Amino acid sequence: MTHYPKTLLVRQAFAAQHLDDVGAAVHQQLAAAGLGTRIRRGESVAITAGSRGIANLPVIVRTLVEEIRAVGGEPFLVPAMGSHGGGTADGQRRLLESYGLDEAAVGAPIRSSMETVHLGDTEDGIPVHFDRIASEADRIVVVNRIKPHTSFAGAIESGLMKMMMIGLGNHEGAVVYHRAIVTHTFDRIVNTVGQLVRARCPIALGLAIVENAYDQTAVVEAVAPEDFEARERELLVLACRWMPRLPLDEIDL
C-alpha cells in the first residue's frame with residue numbers, strides 16, 4: 001500500500017498596492033520631473049522598449065510619447081533587449097509588437113537596428129557598446145521595470161542601469177558584458193558601464209516601474225539620470241518585498 005505524505009492547502013494574500021490610473025500616474029511623474037526642461041522643441045527622443053513582459057507597458061509608453069510630443073519633442077521607440085528576439089532587428093521589432101507596442105498603438109515609429117557604436121572603455125578595460133540609432137538621438141528616455149535578476153544578486157539588478165548596459169548594448173554589448181562577468185562582478189560592471197553611458201549619451205530621464213505580487217503596476221516614477229543608482233537600489237528593495245514567495249523555509253516538493 002502506498003503512503004503519501006501529508007498535504008496542506010495554503011492560501012496566501014500579498015500586498016496589493018497598485019495604481020488605478022497608470023496613464024495619469026505617468027503624466028504626473030513627467031510633469032513633476034520637469035519634462036519640458038529636459039527636452040527642447042524639435043529634439044528627437046529615443047524611448048527604450050525591452051523584451052520582458054511589463055504590465056500596462058503600451059499605456060505607459062503611449063502616455064510617454066504623448067507627453068514628449070506635448071513639449072515639442074519627436075519621440076520614437078528603440079528596441080533595447082540585448083540579444084533577445086533572435087539577435088536581429090526584425091526579430092526585436094516583432095517581439096515589441098507581440099507586447100502591443102506597434103506603431104499604431106503607441107503613436108510613434110519603431111527604429112530597430114543591431115548596429116552599435118563604441119563609446120569607449122570602462123576603467124576596467126571593458127568596451128562599452130551602445131545602440132547606434134539611440135546614440136544619434138538628441139535625447140534618450142530609459143524605461144524599465146525594477147525587479148530582482150534571475151541570475152545575479154546585488155544592490156542593483158534588473159532595471160534602468162541594466163537597460164543602459166545590456167538592453168542598449170544590443171547583441172554585441174550583451175556578449176561583451178556576459179563574458180566580463182566571469183572576472184568582474186555584475187555590480188561593478190553595471191555601475192561602471194552606466195557611468196560611462198551617462199557621461200557620453202544624452203540621457204534625459206528614466207521611467208522606473210515596480211509591480212506587485214499580482215503583476216499589477218504599483219509604482220511608476222520618473223528618475224533623473226544622476227539619481228539612477230540611488231533610487232534603483234531603493235526601488236529594488238521594494239520590488240523584492242512585494243514579490244510572491246512560498247511561506248516555508250524548507251520544502252521537499
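A cavity here is a set of grid points where a 1.4 Å probe fits but cannot get out. Keep that in mind as you walk through this predicted model, starting with its enclosed spaces.

**Stop 1: the cavities.** Searching the whole structure turns up 2 cavities of 30 Å³ or more. The largest cavity holds about 50 Å³ of space. Select R52, K147, H149, T150, S158 and K162 to see its lining. By class, this lining has no nonpolar residues, 3 polar and 3 charged.

Now move to the second largest cavity, with about 40 Å³ of space. Its lining is T48, A49, G50, I54, L57, V61, V143, N144 and M163. Here the classes come to 6 nonpolar, 3 polar and no charged residues. Colour by secondary structure and you can find β1 (44-49), α3 (57-70) and β5, each of which supplies at least two of the lining residues.

**Stop 2: the largest pocket.** Next, select P5, K6, T7, L8 and V10 together with L248, E250, I251, D252 and L253, the residues that line the largest pocket. About 340 Å³ of space lies in this pocket. What classes of residue make up its lining? There are 6 nonpolar, 1 polar and 3 charged residues.

Keep I251 highlighted. I251 sits in the segment after α10 (228-242). With a relative accessibility of 48%, I251 is partly exposed, because that class runs between 20% and 50%. Add L246 and L248 to your selection: with I251 they make a nonpolar surface patch of about 310 Å².

**Stop 3: the second largest pocket.** This pocket contains about 280 Å³ of space. Of its 20 lining residues, S51, R52, H84, K162 and I166 are the closest to the centre, so they make a handy selection for centring your view. R52 and K162 may look familiar, as both also line the largest cavity.

Which elements each supply at least two residues of this lining? They are β5 (139-145), α7 (160-167) and α8 (170-180). Helix α7 gives the most, with 4 residues. The whole lining divides into 6 nonpolar, 10 polar and 4 charged residues.

**Stop 4: out to A104.** Finish by selecting A104, which lies in helix α5 (residues 103-106). Is A104 buried or exposed? A104 has a relative accessible area of 76%, so it counts as exposed, the class for values over 50%. For a last distance check, draw a line from A104 to A180: their C-alpha atoms are 39 Å apart in space, and the two residues are 76 apart in sequence.

Technical notes
Residues are numbered from 1 along each chain as its sequence is written. This is a predicted model: local features need pLDDT of at least 70, side-chain atom pairs count only at pLDDT 80 or more; totals for chains, interfaces and linings use all residues. Side-chain values use heavy atoms; hydrogens and water are left out. Buried means under 20% relative accessible area, exposed over 50%, partly exposed in between (1.4 Å probe, protein chains only). On a 1 Å grid over the protein atoms alone, a cavity is a set of points where a 1.4 Å probe fits but cannot get out, and a pocket is an open set with protein on both sides within 12 Å along at least five of seven lines; lining residues have an atom within 4 Å of a point. Grid points are joined across faces, edges and corners, and a volume is the space filled by probe spheres set on the points. Ala, Val, Leu, Ile, Met, Phe, Trp, Tyr, Cys and Pro count as nonpolar, Asp, Glu, Lys and Arg as charged, and the others, Gly among them, as polar. Patches are made of residues with over 30% relative accessible area and no salt bridge: like charges are joined within 9 Å, nonpolar side chains (Val, Leu, Ile, Met, Phe, Trp, Tyr) within 5 Å. Accessible areas come from the Shrake-Rupley method with a 1.4 Å probe; for residues, only the protein chains shown count as cover. A salt bridge is a side-chain nitrogen of Lys or Arg within 4 Å of a carboxyl oxygen of Asp or Glu.
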